[in-house]
Amino acid sequence: TGPPGPALTSVDQLLGSSCTRNDTTGTLSLTYLADGTAVFKCVLAAAPPDVPADQFEPNETLSAAFNLGDVPDSGTVSLVINGTFHGLTGGENPSDVRDWYRIRAIKTSTSFCWPGSSQDFRLTVQLAGIPVDRNYDLHLYLANNPSVPSASSTNGGNANEEAVINFQGECGAATSLVVYAEVRWLSGALTSAPYTLTFKLERFD
């Protein structure tokens, strides 16, 4: 302890060396407190700039699903997010093995149709960018039946997943459908590397 003085060779040799905290590798540093006490710390590296802390957390359950808003019937991918299996601190969270999202598929197009005629809609959700040596699955649930998936994709390894829900509406009437998307971790070391989730709603008259 004591105020900073001449550098010690043995301390200099230690500083910058690797250390471990909470099973994560960091770098050893030395900090002097206001009273002159010397404190060694294991400083963990920050998450890479392209992997920010997950702004959708906490979303480990259906009731805590993050509301992504509306997906209009544009016929093209209209909503893209990057999610991760880690908490707001940017560190790995062993309990974070399910991510839930809520969307509303909604008719917004005004193209001609016969009043009262049926309209068919297709919601496509794709999970891509699954990290190497990991296996995630994708499940879609309807708000009126949240206990059983209405569509699922369970490919092996880190292959892309795609799930589709078809539903009907009526020309001249408001049409929307609330859907919950669950990304489920199955195997592989937990990582904060991101995955990509895309949503597309198409209309077929």
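Here are some short exercises on the structure above, each with a worked solution.

The model is predicted, so local features need pLDDT of at least 70 and side-chain atom pairs count only at pLDDT 80 or more, while totals for chains, interfaces and linings use all residues. Residues are numbered from 1 along each chain as its sequence is written, and side-chain values use heavy atoms, with hydrogens and water left out.

**Exercise 1. The overall build**

Task: Describe the secondary structure, burial and contacts of the protein chain.

Solution:
- Start with the elements, taken as DSSP runs numbered from the N terminus (helices: H or I, at least four residues; strands: E, at least two). The protein chain has one helix and twelve strands.
- Put them in order: from the N terminus on, the run is α-β-β-β-β-β-β-β-β-β-β-β-β.
- Turn to burial (buried means under 20% relative accessible area, exposed over 50%, partly exposed in between, with a 1.4 Å probe and protein chains only). Of the 205 residues in the protein chain, 37% are buried.
- Then take contacts, meaning heavy atoms within 4.5 Å. Among those between residues at least 6 apart in sequence, 72% join residues at least 24 apart.
- Finish with the surface, using accessible areas from the Shrake-Rupley method with a 1.4 Å probe, where for residues only the protein chains shown count as cover. The protein chain exposes about 11,100 Å², and carbon and sulfur atoms supply 53% of it.

**Exercise 2. The salt bridges**

Task: Find how many salt bridges the structure holds, and which residues are linked in a network.

Solution:
- Fix the rule first: a side-chain nitrogen of Lys or Arg within 4 Å of a carboxyl oxygen of Asp or Glu. The structure holds three salt bridges.
- Take Arg-104 and Asp-70, whose side chains meet in a salt bridge at 2.9 Å, N to O. Arg-104 lies in strand S6 (residues 98–106) and Asp-70 in strand S4 (residues 66–72), so the pair ties together parts that are 34 residues apart in sequence.
- Check their exposure: Arg-104 is partly exposed at 30% relative accessibility, and Asp-70 is partly exposed at 40%.
- Move on to Arg-98 and Glu-182, a salt bridge with its closest N and O atoms 3.5 Å apart. Arg-98 lies in strand S6 and Glu-182 in strand S11, so this pair ties together parts that are 84 residues apart in sequence.
- Compare the partners: Arg-98 is partly exposed, with a relative accessible area of 35%, whereas Glu-182 is buried at 0%.
- Add Arg-184, which forms a salt bridge with Glu-182, the closest N and O atoms being 3.0 Å apart. Arg-98, Glu-182 and Arg-184 are thus linked in a network of salt bridges.

**Exercise 3. The disulfide**

Task: Locate the disulfide and work out its handedness.

Solution:
- Apply the criterion, a pair of cysteine sulfur atoms within 2.5 Å. The count comes to one disulfide.
- Name the partners: Cys-113 is joined to Cys-171, with S to S at 1.9 Å.
- Read the torsion: about the S-S bond of Cys-113 and Cys-171 it is about 80°, so the disulfide is right-handed.
- Place the ends: Cys-113 is in the loop between S6 and strand S7 (118–128), Cys-171 is in the loop between S10 and S11, and the two are 58 residues apart. Both Cys-113 and Cys-171 are buried.

**Exercise 4. Aromatic rings and Thr-175**

Task: Classify two ring pairs, then examine the surroundings of Thr-175.

Solution:
- Recall the rule: rings of Phe, Tyr and Trp (its six-membered ring) pair if their centres lie within 6.5 Å, and planes under 30 degrees apart count as stacked, over 60 as edge-to-face and the rest as tilted. The structure holds seven aromatic pairs.
- For Trp-100 and Tyr-141, the centres are 5.0 Å apart and the planes at 35°, so the pair is tilted. Trp-100 is in strand S6 and Tyr-141 in strand S8 (residues 135–142), 41 residues apart.
- For Phe-121 and Phe-167, the centres are 5.3 Å apart and the planes at 15°, so the pair is stacked. Phe-121 is in strand S7 and Phe-167 in strand S10, 46 residues apart, and both are buried.
- Now locate Thr-175, in the loop between strand S10 (161–170) and strand S11 (176–187). Thr-175 is buried, with a relative accessible area of 9%.
- Leaving aside neighbours within four places in sequence, the contacts of Thr-175 include Phe-121 and Phe-167.
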